[in-house]
Amino acid sequence: MAENAEIEIKASQWRLVEVGRVVLFTHGQYVGRLAVIVEIIDHKRALVDGPSQKENAAVPRQSVALNNLIVTPIVIAKLPRAAGRGPVAKAWEETQVEKKWDESAWAKRREQREKRRNLSDFDRFKVLRLKKQARFEVRKAHAKVRASAKSSS
């Protein structure tokens, strides 16, 4: 082996369970709410806290099974282990967790799915008609482009 061989070590691109990582609840009383990991209890549980300012979005500090959470790409950097409610809330605001989440494609997709799930029969019909109109306009534009391409040849 060469004496001066350089070894490059890279961190995994996978979202890791770590203190300061923002998580999304998938099961239980707080489904769809965000929280931050404050302390890792063991390989299956973590202590989370969700100091949201939005109405019906806050999550009280509690121990949660990691099976009931999805780890998001959002991280609150340099959050101390087992930080109290005040420092967590301050870091949450400084990092603008809710703003980042609302701007993410993931949150937009979830919101769109929820809207579609709550549509009435008549609303679904209106969506069908609007899609049909849009498709007609696109086809008309493509036909116009094809016709101009043939005439110029």
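**Reading strands, cores and contacts**

Me: How many bridges join strand β2 (residues 34–40) to strand β3 (residues 45–50), and in which sense do the two strands run?

Reply: Four bridges join β2, residues 34–40, to β3, residues 45–50, and the two strands run antiparallel; please keep in mind throughout that this is a predicted model. Once a pairing is established, one looks for residues that face each other across it: Val36 stands opposite Asp49 in β3, and Ile40 stands opposite Ala46 in β3. The connection is then read from what lies between the strands, and here β2 and β3 form a hairpin with four residues between them.

Me: Which strands continue the pairing, with β3 and strand β4 (residues 59–65) on one side and β1 and β2 on the other?

Reply: One follows the sheet strand by strand. β3 and β4, which covers residues 59–65, pair in the antiparallel sense over five bridges, with Leu47 standing opposite Ser63 in β4. β1 and β2 are also an antiparallel pair, in this case over three bridges, and Leu24 stands opposite Leu34 in β2. As for solvent, β2 is mostly covered, since six of its seven residues are buried.

Me: Which residues have the most contacts inside the largest nonpolar core?

Reply: A core of this kind is a set of buried nonpolar residues joined through their side chains. The largest one here has 17 residues, and those with the most contacts inside it are Leu34, Val36, Ile76, Leu79, Val97 and Trp101. The elements that give two or more residues to this core are β1 (21–25), β2, α1 (85–95), α2 (97–103) and α3. There is also a second, separate core of twelve residues, and among its members are Phe25, Ala35, Val59 and Leu69.

Me: What is Trp101 in contact with, once its neighbours within four places in sequence are left aside?

Reply: Setting aside the sequence neighbours shows what the fold itself brings together. With those within four places left out, Trp101 is in contact with Leu24, Leu34, Thr72, Ile74, Trp106, Ala107 and Arg110.

Me: Is Thr72 buried or exposed, and what does its side chain reach?

Reply: Thr72 is found in strand β5, residues 69–75. The threshold for burial is under 20% relative accessible area, and Thr72 has a value of 0%, so it counts as buried. For a polar side chain one then asks where its polar atoms go, and the side chain of Thr72 reaches the backbone oxygen of Val22 at 2.6 Å. Not counting residues up to four places away in sequence, Thr72 touches Arg15, Arg21, Val22, Val23, Leu24, Trp101 and Trp106.

Me: How should I read the aromatic pair that Phe25 and Tyr30 form, and what is its geometry?

Reply: Two values are needed, the separation of the ring centres and the angle between the planes. The count comes to three aromatic pairs, and in one of them Phe25 and Tyr30 are edge-to-face, at 5.9 Å centre to centre with 65° between the planes. Phe25 counts as buried because its relative accessibility is 3%, and Tyr30 is also buried, with a relative accessible area of 13%.

Me: What is the sign of phi at Lys78, and what is it at Gln96?

Reply: Most residues other than glycine have a negative phi. Lys78, although it is not a glycine, has a positive phi of about 55°; Lys78 is found in the loop between β5 and α1, and it is exposed, with a relative accessible area of 83%. Gln96 also has a positive phi, near 55°; Gln96 lies in the loop between α1 and α2, and at 41% relative accessibility it counts as partly exposed.

Me: How many residues apart are Lys108 and Gly84 along the chain, and where does Lys108 lie?

Reply: Sequence separation and spatial separation are best read side by side. Lys108 lies in helix α3, residues 105–117, and its C-alpha atom is separated by 31 Å from that of Gly84, 24 residues apart along the chain. Leaving aside neighbours within four places in sequence, Lys108 is in contact with Asp102 and Glu103. Val145, in helix α4 (residues 121–152), is 109 residues from Val36 in sequence and 52 Å from it in space, C-alpha to C-alpha. Val145 is exposed, with a relative accessible area of 54%.

Me: Which residues does UniProt list for the domain "Large ribosomal subunit protein eL14"?

Reply: The UniProt record, an unreviewed entry, lists residues 60–135 for that domain. In the model this span is 61% helix and 17% strand, and its end C-alpha atoms lie 47 Å apart.

Note on methods
Residues are numbered from 1 along each chain as its sequence is written. This is a predicted model: local features need pLDDT of at least 70, side-chain atom pairs count only at pLDDT 80 or more; totals for chains, interfaces and linings use all residues. Side-chain values use heavy atoms; hydrogens and water are left out. UniProt positions are given in the numbering used here, feature names are shortened, and annotations may be inferred rather than shown by experiment. Two strands pair if DSSP finds at least two bridges between them. Contact means heavy atoms within 4.5 Å. A nonpolar core is a set of buried Ala, Val, Leu, Ile, Met, Phe, Trp, Tyr and Cys residues joined through side-chain atoms within 4.5 Å. Buried means under 20% relative accessible area, exposed over 50%, partly exposed in between (1.4 Å probe, protein chains only). A polar contact is a pair of N or O atoms within 3.5 Å; within protein, one must be able to donate a hydrogen and the other to accept it, and residues adjacent in sequence count only if both atoms are side-chain atoms. Rings of Phe, Tyr and Trp (its six-membered ring) pair if their centres lie within 6.5 Å; planes under 30 degrees apart count as stacked, over 60 as edge-to-face and the rest as tilted.
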